[in-house]
Number of protein chains: 2
Amino acid sequence: MSNLATIAALIGDPSRAAMLQALLPGEALTAGELARVAQIGAAAASAQIKALVEAGLVAVHAQGRHRYHRLAGEEIAAALETLMALPQVSPRKSWPHGDGFRKARLCWHHLAGQLGVELHARLTGDGWIAAAPGGWLVTDAGEARFGKLGVDLATARRSPRFACDCMDWSERRPHLSGGLGREVTGMMIRRLWLTRIEPLATDTLQRRRLACTPEGARALAAEFGIAA
Amino acid sequence: MSNLATIAALIGDPSRAAMLQALLPGEALTAGELARVAQIGAAAASAQIKALVEAGLVAVHAQGRHRYHRLAGEEIAAALETLMALPQVSPRKSWPHGDGFRKARLCWHHLAGQLGVELHARLTGDGWIAAAPGGWLVTDAGEARFGKLGVDLATARRSPRFACDCMDWSERRPHLSGGLGREVTGMMIRRLWLTRIEPLATDTLQRRRLACTPEGARALAAEFGIAA
DNA sequence: ACCATGCTTCGGCGGGTTCCGAAACATCGC
DNA sequence: GCGATGTTTCGGAACCCGCCGAAGCATGGT
């Protein structure tokens with residue numbers, strides 16, 4: 001069977017798809033949490049997780065009697081977002097938690113949603129970053145501005161992908177991915193421009209939604225020209 | 001069922017996946033050709049095609065006693081390429097036609113493969129195109145150079161997406177997609193820089209491979225600085 | 001040492017899906 | 001009109017796959 005069919009079939013099962021969506025924000029979840037998210041028993045979940053791990057879509061980290069699972073890489077998250085960005089099959093159904101996801105959320109540790117694509121547009125349009133083979137590089141001007149904001153570019157550069165596009169499933173436009181995306185988002189959360197809301201419940205499917213603080217709204221407008 | 005699982009399940013069936021891969025170059029195929037590509041009977045193929053059409057992945061055009069099928073849009077092709085770009089599950093198996101696909105091939109009417117990503121890198125690196133919200137725009141310099149090469153930018157702009165990235169499955173780096181990608185590739189084929197090889201056989205799975213003519217190699221080097 | 005918790009393996013059941021052959025329908029060429 | 005070709009619908013059979021419950025193993029707390 002071709003690689004395409006193999007991978008797609010793995011994602012195509014409702015239980016596994018629910019698990020993958022729960023892992024999209026980049027956090028690591030235990031087998032039990034994944035079972036609850038997929039609404040199946042521990043035994044069934046174990047089998048599904050095993051399949052995902054063997055396929056290389058999910059990575060495991062055993063710690064004590066817990067086993068933490070996360071997406072195996074950024075490309076996986078990007079591929080999932082791309083798939084979700086395809087036109088809805090059936091008449092649009094609302095998402096579990098309403099449309100709150102569209103504003104701002106995490107996708108593999110980087111910012112997604114309206115705020116994410118808006119940021120991407122500003123960074124490219126205002127010359128913070130420039131096109132490079134296979135992704136983006138930071139311009140001299142961007143280097144200075146990122147530095148002043150406290151974005152750790154050195155750490156970002158150690159990432160296998162420094163900066164590239166990830167198709168946003170709700171906006172159908174790219175947002176910033178890669179090490180740079182992670183560091184920029186980390187800076188915003190560290191400085192309390194963004195806060196995580198709806199912390200991980202144990203029995204519901206959720207993606208980490210983000211909320212913009214009043215201070216964050218001011219900062220985003222001042223630094224990037226984004227009107228929240 | 002979530003949209004993610006629905007779509008992935010559709011792609012996840014080996015027969016349907018074979019059909020979709022056969023449609024990737026952008027050509028329209030009849031139901032019978034799709035059946036042969038998937039190596040199933042006409043009856044089974046008809047059912048699978050129906051599912052793909054109802055999901056909006058494939059579009060149909062009835063003409064006489066034939067029904068021509070093509071991918072419903074560029075995003076579909078991009079999503080398929082992205083999925084194929086994920087790390088191979090099992091130890092790398094060779095593709096049906098060897099590795100010939102990697103050099104140059106068509107992906108939804110635009111250039112993919114090594115030549116495709118190389119072109120993308122040159123266009124962005126040498127200032128033909130520049131980043132814009134949601135994709136790329138042509139610079140003033142690019143406008144002139146494209147015009148001299150006979151690329152129809154007006155037609156390209158009428159496309160729903162003018163220029164955006166498509167993740168190349170064999171190179172794992174983006175190539176140029178959208179109307180601009182289509183027009184540039186069309187120009188190259190029209191001027192015989194590239195020729196299609198292995199015309200569509202009726203009983204095998206194939207993607208349209210492209211070969212670079214001697215004249216094309218010279219032109220690519222002269223115009224874009226690409227060493228073929 | 002003992003029990004609680006988290007996770008995995010095993011056996012078996014049930015539902016869903018895919019396939020084929022036969023038949024019906026549509027279109028083209030003679 | 002008639003046969004040939006392309007495509008779809010129908011019915012039935014086979015198969016795959018995912019789920020659960022029970023049992024087993026590992027880890028951590030008391």
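Hi everyone, let me start at the DNA: helix 4 of chain A gives the largest share of the surface near DNA strand C, with four residues. Before going further, please keep in mind that this is a predicted model.

Let's stay with strand C for a moment. In total, 20 residues surround DNA strand C, and the closest are Gly32(A), Ser15(B), Arg16(B), Gly41(B) and Gln48(B). Both chains take part: helix 3, helix 4 and strand 3 of chain A, along with helix 2 and helix 4 of chain B, each supply at least two residues of that surface. By class, the residues there are six nonpolar, eight polar and six charged.

Which part of the DNA does the protein meet here? Of the strand C atoms within 4 Å of the protein, 77% belong to sugar or phosphate, and the rest belong to bases. On the phosphate side, an N or O atom in the side chain of Gln48(B) is 2.6 Å from a phosphate oxygen of strand C, and a polar side-chain atom of Arg67(A) lies 3.3 Å from a phosphate oxygen of that strand. For a base, look at Arg65(B): a polar atom of its side chain is 3.4 Å from a base oxygen of DNA strand C.

Now over to DNA strand D. Here 19 residues surround the strand, with Ser15(A), Arg16(A), Gly41(A), Gln48(A) and Gly32(B) the closest. Sugar or phosphate accounts for 80% of the strand D atoms within 4 Å of the protein. Three phosphate contacts are worth finding on your screen. The side chain of Ser15(A) has an N or O atom 2.4 Å from a phosphate oxygen of strand D. Gly41(A) uses a backbone N or O atom, 2.7 Å from a phosphate oxygen. Arg67(B) places a polar side-chain atom 3.3 Å from a phosphate oxygen of strand D. The elements giving two or more residues to this surface are helix 2 and helix 4 of chain A, together with helix 3, helix 4 and strand 3 of chain B.

Finally, the protein-protein side. The contact takes 42 residues from chain B and 44 from chain A. Together the two chains bury about 3600 Å², 71% of it on carbon and sulfur atoms. How many salt bridges cross the interface of chain B and chain A? The rule finds zero, and it also finds zero residue pairs in polar contact, counting pairs with both residues at pLDDT 80 or more. Among the elements on chain B's side are helix 1, helix 2 and strand 8, and helix 1 gives the most, with nine residues. By class, that side has 25 nonpolar, nine polar and eight charged residues.

Thanks for listening!

Conventions. Residues numbered from 1 in each chain as written. Chains lettered and ligands numbered in written order. Predicted model: local features only at pLDDT ≥ 70, side-chain atom pairs only at ≥ 80, totals over all residues. Heavy atoms only, no water. Contact = heavy atoms within 4.5 Å. Buried area = accessible area lost by both parts, 1.4 Å probe. Salt bridge = Lys/Arg side-chain N within 4 Å of Asp/Glu carboxyl O. Polar contact = N/O pair within 3.5 Å; in protein donor to acceptor, adjacent residues only side chain to side chain. Nonpolar A, V, L, I, M, F, W, Y, C, P; charged D, E, K, R; others polar. Near = heavy atom within 4 Å.
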